[in-house]
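Here is a note for a colleague who is opening this structure for the first time. Please read it with the sequence and the model side by side.

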Amino acid sequence: MSLEKKNINLEDARKNIDRYDDRIIDLLEKRLDCVVNIAKYKLENSMNIFDAEREKLILQKVGELTQNKEYAPYIKDTYTGIMDASKNFQKKLISAAAPAEKIYIPIKNGEKPELVKVAYQGVPGSYSEEAMRCYFKCEIDAANCKSFEQVADRVTSGEADYGILPIENSSTGAVVATVDLLAKYDLYITGEYVLPVRHNLVAKKGAELSGIKEVYSHEQGFLQCADFLKKYPDWEQIEYMNTAVSAKMVAESDGFEKAAIAGKRAAEIYGLDILAEGINGESQNSTRFVIFSKIPENKPSANKISVMFSLPHRSGTLFEAMRFISERGLNLLKIESRPLHRANWEYAFFIDFEGNIREERCADAIKDLENMTGTFRLLGNYEKDGKEI
């Protein structure tokens, strides 16, 4: 559609928009009346608020019903906003109607089952797999995934009971891919595990340091080993999916010119030599992993709360939000911001603070945050790993 020159009366055009807006608002109110019933049903049946398949079908139908296909992407964007508002309204209704014990359902009174299905990113020998086996003190049906998003998909679809992903490193900070997935998916953090990370340069048996030309690793591996790699400026650094996947690829490659940054266990699994040990710059390098599920848990021993929210773009709003935490004597552990995709220069904030949602001061802080923020999600209440990061 082109913007051809013709006489247009701006006031008439705006009056037409106002008439359509009146009809749209009336229909949106009727739609939210239906949302109330849906929220009641989901609460009574302990169902997830987010239904990815349902949203996909709605957007597909929107595209099919739009007669002017040039308008289709913009109408889809509008409907995405409508569905986001619907989810936020459902969360508010369910939060107000249900006590914490109803929303947070412990599995077998907080005890893990004898067998759990867990999804992780990478292959055997990865740090994610090692953290998974350290955290779950039971038999594991493990599913290795190619990407972080595939881990979240497995949990959302019910193929896995839990997922585990790295979220923070003591040297390089937040793993933003995991933070963004927590914002995108309706998943709940149920635990965390801090794993000491010791990187090594590994290569095929018979390879020598002087013959290496290419090094493979995940982006985090390169960042954490930057000081060591500066000594070898001629090496080509090639980003790969995962440290253990890098080690596996090197083991299966021809020649002796390739090396990987990976852990000792990966080197043992894939029969590689360690050419240089402990090459990460920080001697106390650790990675914090989060464990998440479709079903939130709240054990009596839970002592850490994670929330996500957006704020109106005006001065002082973040200070006001933090005041709800500090005035109740709650210890703020971390704050992280990520840009919102829907608008430039607007951000979602992720904060961790100590407490249990059964405590009145924590419940009050959460209620105040929910009332003042644009979008609010309680990401989880779980046990903090006592190890430092």
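The points below go from the overall build to salt bridges, aromatic rings and one helix.

1. Please keep in mind throughout that this is a predicted model. The protein has 389 residues, of which 44% count as buried, and its secondary structure consists of 13 helices and 15 strands. Taken along the principal axes, the C-alpha atoms fill a box of roughly 80 × 60 × 40 Å.

2. Two further totals describe the protein as a whole. The accessible surface comes to about 21,600 Å², and carbon and sulfur atoms account for 51% of that area. If one takes the contacts between residues at least 6 apart in sequence, 76% of them join residues that are at least 24 apart.

3. The count of salt bridges comes to 28, and one of them joins the side chains of Lys-304 and Glu-192, with a distance of 2.8 Å from N to O. Because Lys-304 belongs to strand β12 (residues 304-310) and Glu-192 to strand β5 (residues 188-196), the pair ties together parts that lie 112 residues apart in sequence. Both Lys-304 and Glu-192 are buried.

4. A second salt bridge is formed by Arg-328 and Asp-368, whose closest N and O atoms are 2.6 Å apart. This pair also links distant parts of the chain, since Arg-328 sits in the loop between α12 (317-326) and β13 (332-339), while Asp-368 is in helix α13 (residues 360-372), 40 residues apart. Arg-328 counts as partly exposed at 25% relative accessibility, and Asp-368 is likewise partly exposed, with a relative accessible area of 24%.

5. Lys-387 deserves a separate look, as it appears in two kinds of interaction. Its side chain meets that of Asp-385 in a salt bridge of 3.0 Å, N to O, and Lys-387 also lies over the face of Tyr-193, at 4.1 Å from the ring centre. Lys-387 is partly exposed, with a relative accessible area of 36%, whereas Asp-385 is buried, with a value of 13%. Another lysine placed over a ring is Lys-204, which lies over the face of Phe-256 at 5.9 Å from the ring centre.

6. Which residues are joined into one network by salt bridges that share partners? They are Glu-168, Glu-192, Arg-288, Lys-304, Lys-334, Glu-336 and Asp-352, so the network takes in the Lys-304 and Glu-192 pair described in point 3.

7. Turning to the aromatic rings, the count comes to 7 pairs. One of them is formed by Tyr-232 and Trp-235, whose ring centres are 4.1 Å apart and whose planes are at 5°, and the pair is therefore stacked, given that planes under 30 degrees apart count as stacked. Tyr-232 is partly exposed, with a relative accessible area of 25%, while Trp-235 is buried, at 9%. Elsewhere, ring pairs link Tyr-135, Phe-136 and Tyr-162 into a cluster.

8. Finally, helix α7 (residues 176-184) has Thr-178, Val-179, Leu-181 and Leu-182 as its buried residues. Why can these be said to line one face of the helix? Seen down the axis of α7, the buried residues fall within an arc of 160°, and they therefore line one face.

Note on methods
Residues numbered from 1 in each chain as written. Predicted model: local features only at pLDDT ≥ 70, side-chain atom pairs only at ≥ 80, totals over all residues. Heavy atoms only, no water. Buried < 20%, exposed > 50% of the residue type's maximum accessible area, 1.4 Å probe, protein only. Helix = DSSP H or I, 4+ residues; strand = E, 2+ residues; numbered from the N terminus. Arc of directions from axis to C-beta. Phe/Tyr/Trp six-rings, centres within 6.5 Å; stacked < 30°, edge-to-face > 60°. Lys NZ or Arg CZ within 6 Å of the ring centre and 35° of its normal. Contact = heavy atoms within 4.5 Å. Areas by Shrake-Rupley, 256 points an atom, 1.4 Å probe, with all protein chains shown as cover. Salt bridge = Lys/Arg side-chain N within 4 Å of Asp/Glu carboxyl O.
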